[in-house]
Amino acid sequence: MHPSLTELQQAYARGDLVIFAGAGISAGAGLPSWAELVKRLVAHARARGVAEHLLLEVDELVASLQFIDALSALKDAMGGPEFCSFIERQLDDSALPVPPAAKAIAALSANLRAVLTTNVDRILERALAGQWPTFSKATLDVAQRRGFLLKLHGTLHERNTWVFTRADYDRAMYADPQMQTAFSALFHGRTLLFVGYGLTDDDFDQLLARVRALSGDQPPRHFAIVPASSVRAYKRKRLESAGVSLIIYENGDGSHRELTELLVAILPPSERGSVDVADPRRVVRNRIPGASELAQRIADERSENWEIKLFSQLLSDELAASSAERRDLHFGVSFGPPDNLDPKAAISWMSTQFAASIRNIDILKSLVNTGLADAMGPPGQPGDAYKLVYVANRIGQVYREMISWTLRWRRVQTDEAFRPTLQLAQLAGHRLIDRIEEWNQRIATTVREHFEGHNNLPPGTTINLGLVVDLPEGWEEQMQAQMEHLRRRFRW
């Protein structure tokens, strides 16, 4: 047993233990992490026509793990209503199961002082089954209360309570004296246990800033249960200097099962056996990241020809996730201001876009011809569900990028001489998008006609999953001729 567990057990027995729950608790249900949420926002913003130079700045912020500033930039670029609507859809947990770690926190509720969380979803409310009151703002007497959930960053369906952007953080940290008073009282009078945070998380850095500000020369002793992969020497030193001791677990299979076990171990031995922290998605380690519930069920059941059924579902899910952007393309809806380019800048821009399209086509061919064959497995051997998820996800990414690519051509405004070239480029984008959609439909039809019910094909039957990636006849020659004409005309 970890030596710090004894102190946690004693604090729990006294009724002085307060749990701080981070995004890792919700990620256990299938909700996106901070990094994944920003990644999805960027893809959505790009498809909606947000200027590329703004998104490149966001990419730089993400690369340096500055997720709060990345979200701030995305909200400015997308506009508040669109930003908030997308966030709300992504963090809606109503159809997801309560994960084991959240169940373990609920199992401790009999003698916990409180649970504080930076998550806006309703996973913890559902785990607690309405037994505790929930606050999205601190009250004057919150430090004296017992048995409550305080949502420091707001709650999902009350957007005015959210804390995602830099302005939100500044408001939450510095403009709410009741929150500061409550945090200070809990920090000095209770034992805090941080769970579901990685030491590299941007929101944990903000939380740590509060802790350091309150710690002084002799900080009270608090704890954080963290995966070994997130522990770095400098961050560890900063935490320990603020009075936060680390309880590190290995998380070898990626399931965070050890976190759940450590939480249950805080209970008295006589109560641990009665705690039900079973994962309703079977075993935690078998959860496939990025898979919908229907796709997960196919992977779990492993019926005859499950590989093609799973891939069909995964690919359909990926394309469906871009349905709004696809309709934008169909109806000619393009958000954001037009890109006004002078002729020479337009020629340079077009050359860059052509190179990007060739890369996408090459990636698509590699995924279908090599990646999919590897994921499906050799004849007579099972496939790899995780590889199937990867291939479907990357094909979906190419699909989204080609929608975005085609919309970018539509937004360009330049000399009238470029019009035939702009139209020809859009024609190629539409062709590739159509080919992916037709391929998805062909696979779905194959599954429906040959692999559902009693329609299984005889063993050894070969199914052609080939994707035809072609451009309109004569397209390349026409495009080369038009580009050469433009270069000569504008002396580029």
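Of the 492 residues in the protein chain, buried residues make up 50%. The structure is a predicted model, and the description below proceeds from the chain as a whole to one residue within it.

The secondary structure of the protein chain consists of 21 helices and nine strands. Measured out along its principal axes, the C-alpha trace extends over about 80 × 60 × 40 Å. Among the contacts in the protein chain with a separation of 6 or more, 74% join residues that are 24 or more positions apart.

The surface and the charges may be considered next. About 22,800 Å² of the protein chain is exposed, and carbon and sulfur atoms supply 51% of that area. The side chains of the protein chain include 56 positive and 60 negative ones. The centres of these two sets lie 2 Å apart.

Within this overall picture, Asn119 offers a local view. This residue is located in the loop that runs between β2 (114-117) and α8 (123-128). Asn119 has a relative accessible area of 7%; because this value is under 20%, the residue counts as buried.

The surroundings of Asn119 can be described in similar detail. Leaving aside residues up to four places away in sequence, Asn119 touches Ala21, Gly22, Ala23, Ile25 and Ser26, together with Lys151 and Gly154. With one of these residues, Ala23, there is a specific approach: the side chain of Asn119 reaches the backbone nitrogen of Ala23 at 3.2 Å.

Technical notes
Residues numbered from 1 in each chain as written. Predicted model: local features only at pLDDT ≥ 70, side-chain atom pairs only at ≥ 80, totals over all residues. Heavy atoms only, no water. Helix = DSSP H or I, 4+ residues; strand = E, 2+ residues; numbered from the N terminus. Buried < 20%, exposed > 50% of the residue type's maximum accessible area, 1.4 Å probe, protein only. Polar contact = N/O pair within 3.5 Å; in protein donor to acceptor, adjacent residues only side chain to side chain. Contact = heavy atoms within 4.5 Å. Areas by Shrake-Rupley, 256 points an atom, 1.4 Å probe, with all protein chains shown as cover. Lys, Arg positive; Asp, Glu negative; His and termini not counted. Charge placed at Lys NZ, Arg CZ, Asp CG, Glu CD.
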